[in-house]
Amino acid sequence: MKSFIALALIATSLFAGALADEEYCQNSVITACSSSTFSGETNSICNARFAGIDQIEPEVQAYINSQLTKSYEYLLLATHFNSYQKNRPGFQKLYQGLSDRSFDDTIALIKQITRRGGIVDFNTRHESAASVSTQRQTLEVDELQSLALALDNEKQLATGATHVHTRASHSQQHDPELAHYIEENFLGKQADTVRKLSGYANDLAKLMKVPDPSLSVYLFDEYLQKQ
């Protein structure tokens, strides 16, 4: 009996020694979290980072940048079609809605990454396999060209969301929580938008196969106003 107790005590001390060597918040909570000079750096042990956030954070940052860029591009398109020269309230409504959605998605992603202990830094350019080129064509385009541009944008955003989801699911240190978040909030929504815009582009292209397509474009704009 005594030998059993002795062995148990030895095992307990060894386990405690192993724990002491681990990096746990409790080991440095007094010096790290209660210090008056503590500034909250991400290399502190007392943070909200876990799983694969360290590897995936640059990918999410790149996707945030893409969403914000698309939001401003859609806003410029909406302004273009809201001018007195173009006067296309239906197209203005479409692109204003896409701009607001991309901006809301940007804010949601910022909240998600900071909730997981990350930092969003717009002064640092993060590149990834899904990053899009910063070289853009002019946004002063006609109605059909604008739909093609919007469709390309949405495919790029869908590819970006898929890339982040793949990295979160299949990287060496995967992050199931982040993968679930992207799947629930972005993948399905992006697929629906790509389908809708591809339908719009094909319908308008068919309507414009007439000598004077001005009436067709006007009626299509009226249709967009009702959506």
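**Notes on the predicted model**

1. Start with His80, which sits in helix α3 (residues 53–81). This is a predicted model. His80 counts as buried, because its relative accessibility is 18% and the cut-off for buried is under 20%. Its side chain has a polar partner in the backbone: a polar atom of the His80 side chain lies 3.1 Å from the backbone oxygen of Val141.

2. Move on to the loop between α3 and α4, where Asn87 is placed. The phi of Asn87 is near 50°. That is a positive value in a residue other than glycine. Most residues other than glycine have a negative phi. Asn87 is exposed, with a relative accessible area of 52%; the cut-off for exposed is over 50%.

3. Next, the helix pair α5 and α6. Helix α5 covers residues 143–170 and helix α6 covers residues 176–207. Their axes lie 8 Å apart, and the packing angle is about 160°. Angles over 145 degrees count as roughly antiparallel, and α5 and α6 are therefore roughly antiparallel to each other. The crossing of α5 and α6 is left-handed. What kinds of residue make up the contact of α5 with α6? The residues there divide into 21 nonpolar, six polar and four charged.

4. Gln156 belongs to helix α5. At 25% relative accessibility, Gln156 counts as partly exposed. The side chain of Gln156 is joined to the side chain of Lys70 by a polar contact of 2.8 Å. Gln67 is another residue to look at here. Gln67 and Gln156 are 89 residues apart in sequence, yet their C-alpha atoms are 9.8 Å apart in space.

5. Asn185 is placed in helix α6. Asn185 counts as partly exposed, with a relative accessibility of 35%. A polar atom of the Asn185 side chain lies 2.8 Å from the backbone oxygen of Tyr181. Asn185 also has a distant residue to compare in space. The C-alpha atoms of Asn185 and Asp105 are separated by 8.8 Å, while the two residues are 80 residues apart along the chain.

6. Now the aromatic rings. A pair of aromatic rings is described by the distance of the centres and the angle of the planes. The count comes to 10 aromatic pairs, with ring centres within 6.5 Å as the rule. Phe91 and Phe220 form one pair that is tilted, at 6.1 Å centre to centre and 40° between the planes. This pair links distant parts of the chain, 129 residues apart: Phe91 is in helix α4 (residues 89–115) and Phe220 is in helix α7 (residues 214–225). Are Phe91 and Phe220 buried or exposed? Both are buried.

7. Phe220 has another ring partner, Tyr200. The ring centres of Tyr200 and Phe220 are 5.9 Å apart and the planes are at 85°, so this pair is edge-to-face. Tyr200 lies in helix α6 and Phe220 in helix α7, so the pair ties together parts that are 20 residues apart in sequence. Both Tyr200 and Phe220 are buried.

8. Which residues do ring pairs link into a cluster? They are Tyr74, Phe81, Phe91, Tyr95, Tyr200, Phe220 and Tyr223. Trace this cluster in the model, with Phe220 as a starting point: Phe220 pairs with Phe91 and with Tyr200.

Note on methods:
Residues numbered from 1 in each chain as written. Predicted model: local features only at pLDDT ≥ 70, side-chain atom pairs only at ≥ 80, totals over all residues. Heavy atoms only, no water. Axes fitted to C-alpha atoms, helices over the stretch in contact; angles between N-to-C directions. Helix = DSSP H or I, 4+ residues; strand = E, 2+ residues; numbered from the N terminus. Parallel < 35°, antiparallel > 145°, perpendicular 65-115°, else oblique. Left-handed = near helix turned anticlockwise from the far one by under 90°. Nonpolar A, V, L, I, M, F, W, Y, C, P; charged D, E, K, R; others polar. Buried < 20%, exposed > 50% of the residue type's maximum accessible area, 1.4 Å probe, protein only. Polar contact = N/O pair within 3.5 Å; in protein donor to acceptor, adjacent residues only side chain to side chain. Phe/Tyr/Trp six-rings, centres within 6.5 Å; stacked < 30°, edge-to-face > 60°.
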